[in-house]
Each structure stands twice: as structure tokens, then as C-alpha cells.
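Me: I am new to reading structures, and I would like a close look at a single part of this one. Please take me slowly from the overall picture to that part.

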Amino acid sequence: MARIVTGSLPLLGILLVVTLTMVRAGELTFELPDNERMCFHEIIEKNVKCTLEFQVITGGNYDVDMELTGPSGRNLYKDTKKQYDSVTWTTDENGEYRFCFSNEFSTFTHKIIYFDFQVGDEPPLDGFDVDAHATAMTQMESSAVTIHEGLKIVIDYQTHHRLRETQGRAFAEDLNERVQLWSIGQSVVILLVGIGQIIILRSFFTDKRPYSSIKT
Amino acid sequence: MFNKSVLGFLLTVCITYTSALYFHIGETERKCFIEEIPDETMVVGKYKVELFDRQQNMYVPTRGGLGMHVEIRDPDDSMIISRVQVFDMNIGDFVHTAPGPLGMHVQIRDPKGSTIMSRTYAAEGRFTFTSHSAGEHVICLHSNSSAWFGGGQLRVHLDIQVGEHANDYQQIAAKDKLTELQLRVRQLLDQVEQITKEQNYQRYREERFRQTSESTNQRVLWWSIGQTVILLLTGFWQMKHLKSFFEAKKLV
């Protein structure tokens, strides 16, 4: 085993480099304060299929501006006030790709944004065996691959379900707080208005000058 | 020996070549990321910090200057055993490291907001932690440079993998000597476990949502009744007070 590994070391090395640089998948959730802009960059090679999807989870009208630019400043996608979107493109040049989220139109709402950036295809599971699929896959192996693909879709749906649920729950908790605060505020206003009315009315009837309007 | 150094060199090339997603922050700025995860889920984060060099007008790796501080919080205030490893060029692999002089402060807070872990590390490395409670964990980064404000721009490469994605299958295959099919089945088992945990967590979240809605319902009900009562009482008090006031004034 060791001899095989050391023998194919250059190949392994190249494969490792190729594998690691070919595929990246990252999902992040972050808070974007009001009047701010957050950019993420990645250096991608040519002819790589990339997918970027984003969703606003909490904040205001659940909308954000998104802008995707390629290496030479070329604009690939630009849209304003989107709640959710997904962009798929194949890179046609090497270089730094950049996508920016902007909350500059908002005056005081912070937004929490989730994005999932997929670069390239999934790497082969066992990067060591280059010739593993020189022979056709057995039925068992291809079934296993099918199950794996299916489970990936399940996990993806789960993520989206979780995001929608978080959105609903955050709103419900906010509503709960607001009901409490506004009810307390309203009760205080009722009391103040009631007492205020009496005080003002009393002041109408207590002049400095003696004044009597007794009708007999 | 030669082969080992070749491998080391290639690994170096790989690690430095794998520039994951990166973003820019100021030296004194703080950036937070939220991970909503079920319990007993492993999270691996890889990072690299570069400083903007004004003379060269490009980003260069920091030389023993800036690093990262990792802090993770837990609801029960217990320490989570976490490992932060730094890439050592000589050995060609990630190693545990003692806290450096300056670092990138990464702070991880768990759902209840308490700190699990808090350490300072060098400019490049990776941190691992396993969640003990389900919920929103917050991972915050800032460099602990001594500047009070302003300062230079930092480029932070960050890659956070959660649950099944955090597993290194090549390593597992080598360690347990698995065939490809066995490795694939192991991957499927991990995926199914992740799905199960997420579903379970979903049930708990849905229950919380339902409780919040019921609480809102209760509040609306009781406050409506309460406000009506306050209104009526205020009205009666007003009339009574006015009547006695006018009787005192001999107007009635």
C-alpha cells in the first residue's frame, strides 16, 4: 500500500491540487446592518459552473440588493430589493468574481442574509483511485450514488425549509413583543388621557376671578 | 524522505492555493456569522488572514503580526473541547499551536449567548467545535490589533463546513482501510444522521413557534379585556369625580 502511494505521489499531488481548487461550496449566514454593503470574492478558473443563491431571513421588508461582477468588471447579475434568488453561470474567464449585498436603501433595519455559493462539481469521494471507474460501476455502486444524490436534495430542501421557518418564527416573536409593548403603551395613554381630561375640565371651573353662575 | 518533502511542498501549494471565499474587513472591525445547527454537530472552520501592504499595493500574508482569536460559547457555561490548528510550513501539516502575540479574534457564541471557547491564534489555521445544544451559534471575527480605530484592511479567507461536509473522507478511508463502496455507505450514513438530527431540531423549533403564537394569542386576549376594563373604570371615575366636583362647586 505504501509503495503504491509513494509511487503515485506526483499524480496524487496533482490530483489533490486539482481536486481542492476545483470544488468549493460555502454557505454563510451573516447580519447586514443598515446603510451597509458587504462583498464576498472568490478566484475561479475558466469553464467552471457556479451557482449562487441567497435569501433574506429577517429584517424589514425582507429585501436586499445583490450585484455579481466578473473579473474585468463585467456585470453578470444586478437586481434590487430581492427576497430570494438563484444565479447559475459558467465562468468564461479566470479571475476574481465578486458578489455584493447592499442594504443601503434601508434606514434602520438590519437584515440577516443567507447565501450558498457552489463552485464546480462535487469531487469524487475517494480521490486516491484515479482508475476506479475505468471499469463500469456495479449496480450496488450506482445505487449508492443515486441515494447520495437524493440525500443531497433532501438536505437542500431541509435548509430551505429551515430558513422559511426561521423567517416565520422571527416574525412571530417580534409580533409577540410588539403586542406586549403597544398594549402597555395604550393602557398608559388611556389613563393619562382620562386623568388629563378631568384636570383640564377642573381648570375651566376654577378661575382666579370669583365667578358664579348659579342659576336659581 | 524526499517523497515526504515533495508531498509537503504539494500540500503547501494546495493549502495556499485553496483560497476559499474571502472578504475584507478593517483592522478594528468585527464580522459575525450565524450557524443554526442541531446539537452534537461538528463544525470545522478554515481561515486565512492577509494584510494590505500599501507599498506593494496588494494583500500579503501576515508575518507573525495578526492572527485569530476563537471564542465559542455554550448555554450551560461549560467549556467545549475544541481544537484550533495552524498550518506549519516545516512539517507540512496542521498542528496545535500555542496562542500567539497578536491574532484574529474569532468568537463563537451558542444559542443562549454564553461563550464556549475563547483563544487567540495565528494568521492561518482551522478551528473545530461540536455543538452541545441546538440553536443559533454565532461565530465572530476581529483582529486583536492594538489600533484603536481605522488601521489597514484585512483580507479574510473563510470556509465553514458543518456536519457531514466537515468530514474528510479520504482520511477516513485511509484510517479504516475502507473500499470505495464502504466509504460511500459511510458517507450515506453520515448524511442520514445529519438529516435525522435536523428533523428532530425542526420539531423543537416548530414547538417554540407554536408556543410563541399561543403566547401572542393569550396576550391579545388578556390585554383587550384589560384595556376595556381600564377604559370603563376610567369613565366611571371621571363621572364620579366630576359629580362630586360640581356638587362642591354648587353648580349642580
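Reply: What follows goes from one chain as a whole to a span marked in a record, and then to a surface patch.

Please keep in mind throughout that this is a predicted model. Chain A is built from 3 helices and 8 strands, and if you follow the sequence, the order of these elements is α-α-β-β-β-β-β-β-β-β-α. Of the 216 residues in chain A, 38% are buried, while the chain exposes about 12,600 Å², with carbon and sulfur atoms supplying 60% of that area. Among the contacts in chain A with a separation of 6 or more, 78% are between residues 24 or more positions apart.

Within chain A, UniProt, in an unreviewed entry, places the feature "transmembrane region" at residues 181–205. In the model this span of chain A is 100% helix and 0% strand, and its end C-alpha atoms lie 37 Å apart.

The close look now moves to chain B, where B:L221, B:W222, B:I225, B:V229 and B:L233 form a nonpolar patch on the surface. Together these residues have about 510 Å² of accessible area. One of them, B:L221, has its place in helix α3 of chain B, which covers residues 180–248. Is B:L221 buried, partly exposed or exposed? Its relative accessible area is 44%, and because buried means under 20% and exposed means over 50%, B:L221 counts as partly exposed. Residues in such a patch need over 30% relative accessible area, so B:L221, at 44%, meets that condition.

Methods. Residues are numbered from 1 along each chain as its sequence is written. Chains are lettered from A and ligands numbered from 1 in the order in which they are written. This is a predicted model: local features need pLDDT of at least 70, side-chain atom pairs count only at pLDDT 80 or more; totals for chains, interfaces and linings use all residues. Side-chain values use heavy atoms; hydrogens and water are left out. Helices (H or I, at least four residues) and strands (E, at least two) are DSSP runs, numbered from the N terminus. Buried means under 20% relative accessible area, exposed over 50%, partly exposed in between (1.4 Å probe, protein chains only). Contact means heavy atoms within 4.5 Å. Accessible areas come from the Shrake-Rupley method with a 1.4 Å probe; for residues, only the protein chains shown count as cover. Patches are made of residues with over 30% relative accessible area and no salt bridge: like charges are joined within 9 Å, nonpolar side chains (Val, Leu, Ile, Met, Phe, Trp, Tyr) within 5 Å. A salt bridge is a side-chain nitrogen of Lys or Arg within 4 Å of a carboxyl oxygen of Asp or Glu. UniProt positions are given in the numbering used here, feature names are shortened, and annotations may be inferred rather than shown by experiment.
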